[in-house]
Amino acid sequence: MPLEPAHSRYRFFRQFFLQYYAELCDFAQRFLQDPDEVEDLVQGAFVRAWEREIDWDDTERARLYLYRSVRNAALNYLAHQKMKRRRLEQFHEQAARWSPSPEQAVQAAELTAAIERALAQLPETRRTIFLLSRYHGLSYREIAEVMGISVKTVETQMGRALRFLSQYLQPLT
């Protein structure tokens with residue numbers, strides 16, 4: 001019985017993977033120092049090659065494709081890491097420039113305490129809805145699902161909570 005093309009393709013791919021995987025990892029190691037990233041990068045190159053249906057019979061072309069793919073992925077990874085470091089440095093620079101004055105720190109602490117006192121005065125369900133929305137970032141639909149109530153009830157209770165907090169905190173602003 002003749003081999004099916006898909007089986008033959010798989011056999012060539014498997015043979016190619018076993019023959020070149022370690023070599024490609026060594027190559028990628030020249031760019032990246034993290035062994036886990038190296039393996040992910042090389043495996044990704046093989047996956048892309050499989051998806052693009054590379055002709056594994058043309059050994060030299062397939063090998064060159066994989067080397068190019070690994071090199072490009074490594075350079076992209078390094079560029080992405082450099083960009084992430086630059087953004088983090090910019091964030092730290094901006095954070096270092098902004099430091100609240102002692103007066104601003106006292107005002108912030110007073111406002112935080114006033115908000116906590118106001119929240120303590122809300123009915124339990126309303127307080128829970130407010131906290132899930134504002135402190136935990138849940139959508140009204142998610143809150144409704146978690147609490148087993150309708151979205152309309154969540155909307156109504158949030159409106160009431162916000163009106164109460166606005167009135168309670170009015171003298172502080």
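The following exchange concerns the helices, cores and selected residues of a predicted model.

Colleague: On what basis are features of this predicted model accepted?
Modeller: Residues are numbered from 1 along each chain as its sequence is written, and side-chain values use heavy atoms, with hydrogens and water left out. Totals for chains, interfaces and linings use all residues, side-chain atom pairs count only at pLDDT 80 or more, and local features need pLDDT of at least 70.

Colleague: What distance separates the end C-alpha atoms of α3?
Modeller: Helices are DSSP runs (H or I, at least four residues), numbered from the N terminus. The expected span of a helix is 1.5 Å times one less than its number of residues. For the 39 residues of α3 this gives 57 Å, and the distance between the end C-alpha atoms agrees, at 57 Å.

Colleague: Which residues of α3 are buried?
Modeller: Buried means under 20% relative accessible area, exposed over 50%, and partly exposed in between, with a 1.4 Å probe and protein chains only. The buried residues of α3 are A62, Y65, L66, Y67, S69, V70, A73 and A74.

Colleague: Which helix gives the most residues to the largest nonpolar core?
Modeller: A nonpolar core is a set of buried Ala, Val, Leu, Ile, Met, Phe, Trp, Tyr and Cys residues joined through side-chain atoms within 4.5 Å. The largest one has 24 residues, and L24, V42, F46, W56, L66 and V70 have the most contacts inside it. At least two residues each come from α1 (5-29), α2 (35-51) and α3 (59-97). The helix that gives the most, with 8 residues, is α1.

Colleague: Which residues does F46 touch, leaving out those up to four places away in sequence?
Modeller: Contact means heavy atoms within 4.5 Å. F46 is among the residues with the most contacts inside the largest core. Not counting residues up to four places away in sequence, F46 touches F13, F16, F17, Y20, Y21, L24 and L66.

Colleague: How many residues has the other core, which includes L119 and F130?
Modeller: This core lies apart from the largest one. Among its members are L119, F130, L132 and M158, and its size is 12 residues.

Colleague: Is Y77 buried or partly exposed?
Modeller: Y77 is found in helix α3, where it touches L32 and E37, not counting residues up to four places away in sequence. Its C-alpha atom is separated by 49 Å from that of R117, 40 residues apart along the chain. With a relative accessible area of 24%, Y77 is partly exposed.

Colleague: How are α5 and α7 oriented to each other?
Modeller: Axes are lines fitted to C-alpha atoms, for helices over the stretch in contact, and angles run from 0 to 180 degrees between N-to-C directions. Angles under 35 degrees count as roughly parallel, over 145 as roughly antiparallel, 65 to 115 as roughly perpendicular and the rest as oblique. The axes of α5 and α7 come within 9 Å and cross at roughly 90°. The two helices are therefore roughly perpendicular.

Colleague: How many charged residues does the contact of α5 with α7 have?
Modeller: In this contact, R126, I129, F130, S133 and R134 of α5 meet V154, Q157, M158, R160, A161, L162 and L165 of α7. Ala, Val, Leu, Ile, Met, Phe, Trp, Tyr, Cys and Pro count as nonpolar, Asp, Glu, Lys and Arg as charged, and the others, Gly among them, as polar. The contact has 7 nonpolar and 2 polar residues, and the charged residues number 3.

Colleague: What is the relative accessible area of S133?
Modeller: S133 lies in helix α5 (residues 124-134). Not counting residues up to four places away in sequence, S133 touches L138, Y140, I143 and M158. S133 is buried, and its relative accessible area is 10%.

Colleague: How is α6 oriented to α7?
Modeller: Helix α6 (residues 140-147) and helix α7 (residues 151-169) pack with their axes 8 Å apart, at an angle of about 110°. That makes α6, relative to α7, roughly perpendicular.

Colleague: Which residues does M147 touch, not counting those up to four places away in sequence?
Modeller: M147 is found in helix α6 and is partly exposed, at 26% relative accessible area. The C-alpha atoms of M147 and T125 are separated by 9.0 Å. Not counting residues up to four places away in sequence, M147 touches T125, T128, I129 and L132.
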